[in-house]
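This report describes a protein structure for a reader who is new to the subject. Please look at the sequence and the model before reading on.

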Amino acid sequence: RLPVEKYSDRELIEAVCNNDQQAIVHLFYRKCLPTFQYHIYKIFPYKQDVRDLVDEFFLYLFEDDWRRLKTFDGSRASLVTWMSVTSFRFFKSYKHSKIDSNGLISISDKWETFVGDWVQSSDAGLMMDLNKSINSIKNERDREIAKLIFIQDKEFQVVADRFGLTIDYVY
């Protein structure tokens, strides 16, 4: 018998579908683990146990006697490519299934703080850029109109009425 490292993609799939422990460990925890880690770190920007997610992906493929794994077609892609695409979709779906009713990821306690800090820093940066752009407007009236609309969030009609302008001009 060949070592599992020497198996072709088709032979490896057959061995995994026959619940060969060596083939399963080789496929999930040696051959594809770097790909899984890459996807997990991209999809979950907070601390997440890679092995737990790989185990979840294993169970997903194992379901119904390896039904999903048996759909692999070696003429269309390599096994690593197929596992990469399938795992990416799984991890992305898994993440969305863990979103709680408040729209926050409940896996990490720090997620809400991280997002809040990020939004505040982004808002501050955008506000600075917006103020810089508005202050570069040469016409004083147009500069005031831009401040009222974009900084003070006034309605276009209110601003038009204040300056005696048509709403088309304000737009």
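The paragraphs below treat the overall fold, the core, two backbone angles, the salt bridges and the surface in turn.

**Overall fold**

The structure shown is a predicted model. Its protein chain contains nine helices and zero strands. Read from the N terminus on, the order of elements is therefore α-α-α-α-α-α-α-α-α, since helices and strands are numbered from that end. The chain has 171 residues, of which 32% are buried. A residue is called buried when its relative accessible area is under 20%, exposed when that area is over 50%, and partly exposed in between. These cut-offs are used throughout the report to place individual residues.

**The nonpolar core**

The largest nonpolar core has 33 residues. Within this core, the residues that touch the most other members are Phe28, Trp66, Leu69, Met83 and Phe91. Five elements each supply two or more residues to the core: α1 (9-17), α2 (21-31), α3 (33-43), α4 and α5 (79-97). Helix α4 provides the largest share, with seven residues.

Trp66 deserves a separate remark. Trp66 lies in helix α4, and the relative accessible area of Trp66 is 0%. Because this value is under 20%, Trp66 counts as buried.

Another buried residue is found in the loop between α4 and α5, where Arg68 is located. With a relative accessibility of 18%, Arg68 falls under the 20% limit and so counts as buried. Arg68 and Thr86 are separated by 18 residues in sequence, and their C-alpha atoms are 9.3 Å apart in space.

**Two backbone angles in helix α4**

Most residues other than glycine have a negative phi. Against this background, two residues may be considered together. Asp64 is not a glycine, yet its phi is positive, at about 55 degrees. Trp66 is not a glycine either, and its phi is also positive, at about 65 degrees. Asp64 has its place in helix α4, as does Trp66.

Is each of these residues buried or exposed? Asp64 has a relative accessibility of 53%, which is over 50%, and therefore counts as exposed. Trp66, at 0%, is buried.

**Salt bridges**

The structure holds five salt bridges. Three of them are set out in the following table, with the distance given from N to O.

| Basic residue | Acidic residue | Distance (N to O) |
|---|---|---|
| Lys31 | Asp9 | 3.6 Å |
| Lys70 | Asp65 | 3.1 Å |
| Arg141 | Asp142 | 3.9 Å |

The pair of Lys31 and Asp9 joins distant parts of the chain. Lys31 belongs to helix α2 and Asp9 to helix α1, and the two residues are 22 residues apart. Lys31 has a relative accessible area of 30% and is partly exposed. Asp9 is also partly exposed, with a value of 24%.

In the pair of Asp65 and Lys70, the side chains meet at 3.1 Å. Asp65 has a relative accessibility of 47% and counts as partly exposed. Lys70, at 45%, is likewise partly exposed.

In the pair of Asp142 and Arg141, the closest N and O atoms are 3.9 Å apart. Since a salt bridge requires such atoms to lie within 4 Å, this pair qualifies. Asp142 is partly exposed, with a relative accessible area of 24%. Arg141 is partly exposed as well, at 34%.

**Patches on the surface**

Which residues gather in a patch of negative charge on the surface? They are Asp49, Asp52, Asp55 and Glu56. One of them, Asp52, has its place in helix α4, which covers residues 50-66. Asp52 has a relative accessible area of 45%; because this lies between 20% and 50%, Asp52 is described as partly exposed.

A nonpolar patch on the surface is formed by Met127, Phe150 and Ile151. Together, these three residues have about 270 Å² of accessible area. Ile151 lies in helix α7, which spans residues 140-151. Ile151 has a relative accessible area of 34% and is thus partly exposed.

**Summary**

In this predicted model, helix α4 appears in several of the descriptions above. Helix α4 gives seven residues to the largest nonpolar core, contains the buried Trp66 and the exposed Asp64, and also holds Asp52, a member of the negative patch.

How values were computed. Residues are numbered from 1 along each chain as its sequence is written. This is a predicted model: local features need pLDDT of at least 70, side-chain atom pairs count only at pLDDT 80 or more; totals for chains, interfaces and linings use all residues. Side-chain values use heavy atoms; hydrogens and water are left out. Patches are made of residues with over 30% relative accessible area and no salt bridge: like charges are joined within 9 Å, nonpolar side chains (Val, Leu, Ile, Met, Phe, Trp, Tyr) within 5 Å. Accessible areas come from the Shrake-Rupley method with a 1.4 Å probe; for residues, only the protein chains shown count as cover. Lys and Arg count as positive and Asp and Glu as negative; His and the chain ends are not counted. The place of a charge is taken as NZ of Lys, CZ of Arg, CG of Asp or CD of Glu. Helices (H or I, at least four residues) and strands (E, at least two) are DSSP runs, numbered from the N terminus. Buried means under 20% relative accessible area, exposed over 50%, partly exposed in between (1.4 Å probe, protein chains only). A nonpolar core is a set of buried Ala, Val, Leu, Ile, Met, Phe, Trp, Tyr and Cys residues joined through side-chain atoms within 4.5 Å.
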